[in-house]
Amino acid sequence: MEPQNCRLCPRECGVDRNLHRGFCGAPSVARIAKADLHLWEEPCIWSPPGSGAVFFSGCQLQCVFCQNYEISSRICGKAFSVEELTALFLFLQNEKKACNLNLVSPTPYLPSIVPALEKAKIRGLQIPVVFNSGGYEKKETLEKLMGLVEVYLPDFKFCNPDLSRKYAAAPDYFSVARSAIREMQRQTGNPRWENGALKKGVIVRHLVLPGESRDSLDVLNALFEDFGRDGVILSLMSQYFPTHRAAEFPALSRKITRLEYQKVVRHAENLGFKTIYTQGFASASAEYVPDFDWKSEKE
Ligand code: SF4
């Protein structure tokens with residue numbers, strides 16, 4: 001895990017991030033756009049006063065419809081050393097009383113995050129650690145997180161390589177994300193609950209895209225083939241709205257219809273997934289995008 005020859009994610013840029021930037025744009029030192037209690041997560045990983053979300057800047061996917069594009073498509077936010085990250089993680093637990101530590105798009109900064117988590121756990125970090133990512137991850141990198149992460153929260157966005165090429169410059173997304181989710185599930189096992197809260201497990205998020213419900217069904221079929229009815233928790237998202245570069249793609253210029261969403265939800269139910277979270281249509285709005293406190297702090 002060296003930022004000097006960065007091959008942390010499937011892009012395998014091989015750059016020295018002290019000097020240059022790879023596809024994700026991330027420097028070697030972690031940059032955070034917001035770290036605070038977050039109000040909107042699946043019920044099994046949310047309880048008052050909220051999830052302790054840490055939003056990292058930069059991303060290895062660069063989806064054209066990214067709702068967090070302000071912080072994913074350019075680097076911004078405060079710089080954090082390993083020691084400062086450790087203190088932040090403990091602050092979210094001890095002072096903010098967060099129900100978990102929710103690391104959002106952390107992959108480019110794992111060389112700092114892994115030692116920070118190790119130190120924080122030694123110093124008393126006990127809340128579940130949630131690894132929240134777009135799903136485009138290398139198995140070898142995930143293996144370094146064994147024992148440090150309690151809940152994986154990956155997206156599983158596309159099946160069709162034409163879609164993932166067009167919208168995320170990742171024609172291999174499906175096979176890469178599929179093997180990443182298998183590794184995540186290998187680490188956590190089937191979901192384990194305590195009083196309604198998820199203590200260990202994988203929650204797979206899938207965002208239904210306009211006109212692409214057929215692809216959603218293919219994603220669900222693969223997931224069910226790999227994990228059956230109760231190997232993972234499914235979260236079906238209806239919150240798509242055109243943003244970022246979506247205007248460049250006519251098919252992405254509208255929200256999804258109720259019929260498109262219902263078709264995907266029904267298919268998940270018919271397959272037999274045991275735990276399925278669904279969303280209301282009010283969530284398809286920029287109002288639900290966090291206000292990134294430190295986004296104006298530029299390099
Ligand atoms: S983390 Fe960034 S620099 Fe490293 S391989 Fe992935 S995209 Fe390239």
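# Reading strands, pockets and turns in a predicted model

Mentor: Let us start from a single pair, in which Asp36 has Ala53 as its bridge partner in S2. This is a predicted model in which local features need pLDDT of at least 70 and side-chain atom pairs count only at pLDDT 80 or more, while totals for chains, interfaces and linings use all residues. Residues are numbered from 1 along each chain as its sequence is written, and side-chain values use heavy atoms, with hydrogens and water left out.

Trainee: How should I read strand pairing, and in which sense do S1 and S2 pair?

Mentor: Helices (H or I, at least four residues) and strands (E, at least two) are DSSP runs numbered from the N terminus, and two strands pair if DSSP finds at least two bridges between them. Here strand S1, residues 30–38, runs antiparallel to S2 over six bridges. S2 also pairs with strand S4 (residues 101–104), in the parallel sense and over four bridges, and within that pairing Val54 stands opposite Leu103 of S4. From S4 you can step on to S5, since these two strands pair in the parallel sense over four bridges, with Val130 in S5 as the bridge partner of Asn102.

Trainee: Are the residues of S2 buried or exposed?

Mentor: The terms rest on relative accessible area, with buried under 20%, exposed over 50% and partly exposed in between, using a 1.4 Å probe and protein chains only. By that scale S2, residues 51–56, is mostly covered, as six of its six residues are buried. Ser51, Ala53 and Phe55 point one way, Gly52, Val54 and Phe56 point the other way, and all are buried. In S5 five of the five residues are buried, so that strand is largely enclosed by the rest of the structure. Its two faces are both covered, with Val129, Phe131 and Ser133 buried on one side and Val130 and Asn132 buried on the other.

Trainee: What does a helix look like when I ask the same questions, and which residues of H8 are buried?

Mentor: Begin with its length, for which the expected span is 1.5 Å times one less than the number of residues. Helix H8 (residues 258–271) has 14 residues that should span 20 Å, and its end C-alpha atoms are 20 Å apart, which agrees. The buried residues in H8 include Glu260, Tyr261, Val264, Val265 and Ala268. These cover an arc of only 130 degrees around the axis, which puts them on the same side of H8; the arc is that of the directions from the helix axis to the C-beta atoms. The face turned away from that buried side carries the exposed residues Arg258, Leu259, Arg266 and Asn270.

Trainee: How is empty space found, and how much of it lies in the largest pocket?

Mentor: Rolling a probe the size of a water molecule over the atoms shows where empty space is left. On a 1 Å grid over the protein atoms alone, a cavity is a set of points where a 1.4 Å probe fits but cannot get out, a pocket is an open set with protein on both sides within 12 Å along at least five of seven lines, and lining residues have an atom within 4 Å of a point. Grid points are joined across faces, edges and corners, and a volume is the space filled by probe spheres set on the points. In this model the largest pocket holds about 1000 Å³ of space. It is lined by 42 residues, of which Gln67, Asn68, Arg205, Met237 and Gln239 are the closest to its centre. Two or more lining residues come from each of S2, helix H1 (69–72), strand S5 (129–133), strand S8 (197–207) and strand S9 (233–237).

Trainee: How many cavities of 30 Å³ or more does the search find?

Mentor: Over the whole structure it finds four, and the largest cavity has a volume of about 110 Å³. Of the 15 residues lining this largest cavity, Cys6, Leu8, Cys9, Cys13 and Cys24 are the closest to its centre.

Trainee: Which backbone angles deserve a look, and where is Pro49 placed?

Mentor: Pro49 is in the loop between S1 and S2, and the peptide bond from Pro48 to Pro49 is cis, with omega near 5 degrees. For phi, look for positive values in residues other than glycine, such as Glu12, where phi is near 45 degrees. Glu12 is in the segment before S1 and is partly exposed, with a relative accessible area of 39%. Asn195 also has a positive phi, near 50 degrees; Asn195 is in the loop between strand S7 (192–194) and S8, and at 81% relative accessibility it counts as exposed.
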